[in-house]
Amino acid sequence: MAAPPRRLLSRASPPSRRPLSRASLPPRTLRGQLTAGLVALLALACLAVGVTTAFALEGFLVRRLDQQLSASGGRFPASLEHEAAPDRDNRADTRGQSKGTFGARLLRGTTTQAAVVRNEGDSAVRLTADDRRALAALPVDGEGHTLRLSALGHYRLAAVKGDDGDVLITGLPLRPVEETVHRLEWVEAAVFGAALIVTGILAALWVRLSLRPLRRVTSTAANVAERPLASGEVAMPDPVPVTDPRTEVGQVGTALNRMLGHVGNALERRQASEERLRHFAADASHELRTPVANIRGHAELALRHTGPVPGEVRRALDRIQSESERMSRLVDDLLLLARIDAGRALGRGPVDLTRLVLDATDDARAAGPGHRWVLDLPEEAVTVTGDEHRLHQAVGNLLANARAHTPPGTRVTVRLAADGDGIRLSVADDGPGIPEELQPEIFGRFVRADVSRSRAAGSTGLGLAIVYAVVTAHGGTVGVESAPGRTVFRMVLPASARPASPPGDHGADDDRDRGPGA
């Protein structure tokens, strides 16, 4: 059987090289990758089917041509041998040949006659030297071979030996075969293109539906990430519904639910531990207030004794009174922090911050006359809604902190301003500054700096912690910037600072008699 002919395919020009844009990059989402993968696999399958059917059809049609050439038996080229004979009745009948049939007669390797069947009859074909050499090189085996003739195009040719020692060549055009194959290619391109478009849309919908459980997992994980897990009581979201734990998405959902369970249990234990610690601090502070007050009262009473008291006893009583006052401040600070941590209500009312800052600065100037106190206040009064006593305590703690931890002669500037973003209060000094490693923890409890910030100054290490707790309870923020030669504490309150007030909670008024402490 003859081999299939060489396909004549036009060569497309190579694509121009240009930098890939963001739109030409592969999709990044899993849904896009799955959809693109399905469409790409289908496109490869369609390409394989199209190429296979095109080659199969071309081979079938070429074999039909070979069968026709074999059946013709060289009758048409044989008729060319007798075309000039006087008895035209003896000429071979060529009327049965199909249109485009080619015939050639070779004698001793040289083409003597060549003709092709036209609509009006036979017509001679002018062959070039290359055509004659190609015809002379055809194997005389009666099998079909593909050859391109300059004047006719591609033909399927078969050569057989004639009766007079010549070679008879018969050919049929390959153009109908090529047109049929090209028509099939266009039909396949249209059908496969439509199939790819429809499949791409359906695949996108199917992938979207299949990945819906994964979207629920992502939504749950994002919900957990947005919750304030580091503070307070946290309600964990509902578990992800898992339809089939054997699938990959089901396994991810099961793992996430298990992780949420562990995190929820850990948060509950942490919350319970913190609640117990808060209750302990509040109860201990409350219980310590009475014996501390009794010790302080007895010491004051003993110091008022009019009779002779030994000097050593009087010094001991002075120390007892001093330490009892210090312990009383520490107990009050701990009780305040415990109440704020527990969400106890702060007072609510109009607070004139301008007057509050003036009073707190006057108190600080009286306690630290060696410092230079500078006020920068707006012309109009600044008013907020909040707890006046606690705000006064917070401002007083900031001023006491600047006074206690800077040497005499230090300039302390208190600045108050109001704008659209809120109310800003800053306390700046030109003292030695705060060590850099201490600044991230400066608002923690019982945090002290080096020797200069020691117990000798009477500090409990809770003053700035109270500032942070009070300002946060009013919905504000507080921060610090410090370097050698300049330290600035900034307190920002919203224009309408309204601390939360649980109904029926009046416990915040139990220690209103306490003054600001550092």
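What follows is an informal chat about a predicted model, going through its ring pairs, salt bridges and surface patches.

Colleague: I'm new to this one. How many aromatic pairs does the structure hold?
Modeller: Three. Keep in mind that this is a predicted model.

Colleague: Let's take Phe443 and Tyr468. How far apart are the ring centres, and what do we call the pair?
Modeller: The centres are 6.2 Å apart and the planes sit at 35°, so the pair is tilted. A tilted pair has planes that are neither under 30 degrees apart nor over 60.

Colleague: Where do Phe443 and Tyr468 sit along the chain?
Modeller: Phe443 is in the loop between strand 11 (422-429) and helix 10 (463-473), while Tyr468 is in helix 10. They are 25 residues apart, and the pair links distant parts of the chain.

Colleague: Is Phe443 buried or exposed?
Modeller: Buried, with a relative accessible area of 17%. Tyr468 is partly exposed, at 41%.

Colleague: Which kind of pair do Phe443 and Phe489 form?
Modeller: An edge-to-face one, with 6.0 Å centre to centre and 90° between the planes. Phe489 lies in strand 13 (residues 486-493) and Phe443 in that loop before helix 10, so the pair ties together parts that are 46 residues apart in sequence.

Colleague: And Phe489, buried or exposed?
Modeller: Phe489 counts as buried, because its relative accessibility is 3% and the cut-off is under 20%. Put together, ring pairs link Phe443, Tyr468 and Phe489 into a cluster.

Colleague: Switching topic: how many salt bridges does a search of the whole structure find?
Modeller: Nine. One of them joins the side chains of Asp66 and Arg156, at 2.8 Å from N to O.

Colleague: Where are Asp66 and Arg156?
Modeller: Asp66 is in helix 1 and Arg156 in strand 5 (residues 153-161), 90 residues apart, so that's another link between distant parts of the chain. Both Asp66 and Arg156 are buried.Colleague: What about Arg355 and Asp359, how far apart are the closest N and O atoms?
Modeller: They are 3.9 Å apart in that salt bridge. Arg355 and Asp359 are four residues apart in helix 8 (residues 353-367), which means about one helical turn separates them.

Colleague: Are those two buried or exposed?
Modeller: In between: Arg355 is partly exposed at 48% relative accessible area, and Asp359 is partly exposed at 30%.

Colleague: Which residue does Asp419 form a salt bridge with?
Modeller: Arg424, with the closest N and O atoms 3.2 Å apart. Asp419 counts as partly exposed at 40% relative accessibility, and Arg424 is partly exposed as well, at 36%.

Colleague: Now the surface. Which residues form the positive patch?
Modeller: Arg31, Arg208, Arg212, Arg215 and Arg216. Helix 5 (residues 212-226) gives the most to the patch, with three residues.

Colleague: Where is Arg208 found?
Modeller: In helix 4 (residues 175-210). Arg208 counts as partly exposed, at 41% relative accessibility.

Colleague: Which residues make up the nonpolar patch?
Modeller: Leu41, Leu44, Leu47, Val51 and Phe55, with about 520 Å² of accessible area together. Leu47 has its place in helix 1 (residues 30-72) and counts as exposed, at 54% relative accessibility.

Colleague: Last one: how far apart are Leu107 and Val167?
Modeller: In sequence, 60 residues; in space, 6.5 Å from C-alpha to C-alpha. Leu107 is found in strand 1 (residues 102-107) and counts as partly exposed, at 23% relative accessibility.

Conventions: Residues numbered from 1 in each chain as written. Predicted model: local features only at pLDDT ≥ 70, side-chain atom pairs only at ≥ 80, totals over all residues. Heavy atoms only, no water. Phe/Tyr/Trp six-rings, centres within 6.5 Å; stacked < 30°, edge-to-face > 60°. Helix = DSSP H or I, 4+ residues; strand = E, 2+ residues; numbered from the N terminus. Buried < 20%, exposed > 50% of the residue type's maximum accessible area, 1.4 Å probe, protein only. Patch = residues over 30% accessible without salt bridge, like charges linked within 9 Å, V, L, I, M, F, W, Y side chains within 5 Å. Areas by Shrake-Rupley, 256 points an atom, 1.4 Å probe, with all protein chains shown as cover. Salt bridge = Lys/Arg side-chain N within 4 Å of Asp/Glu carboxyl O. Lys, Arg positive; Asp, Glu negative; His and termini not counted. Charge placed at Lys NZ, Arg CZ, Asp CG, Glu CD.
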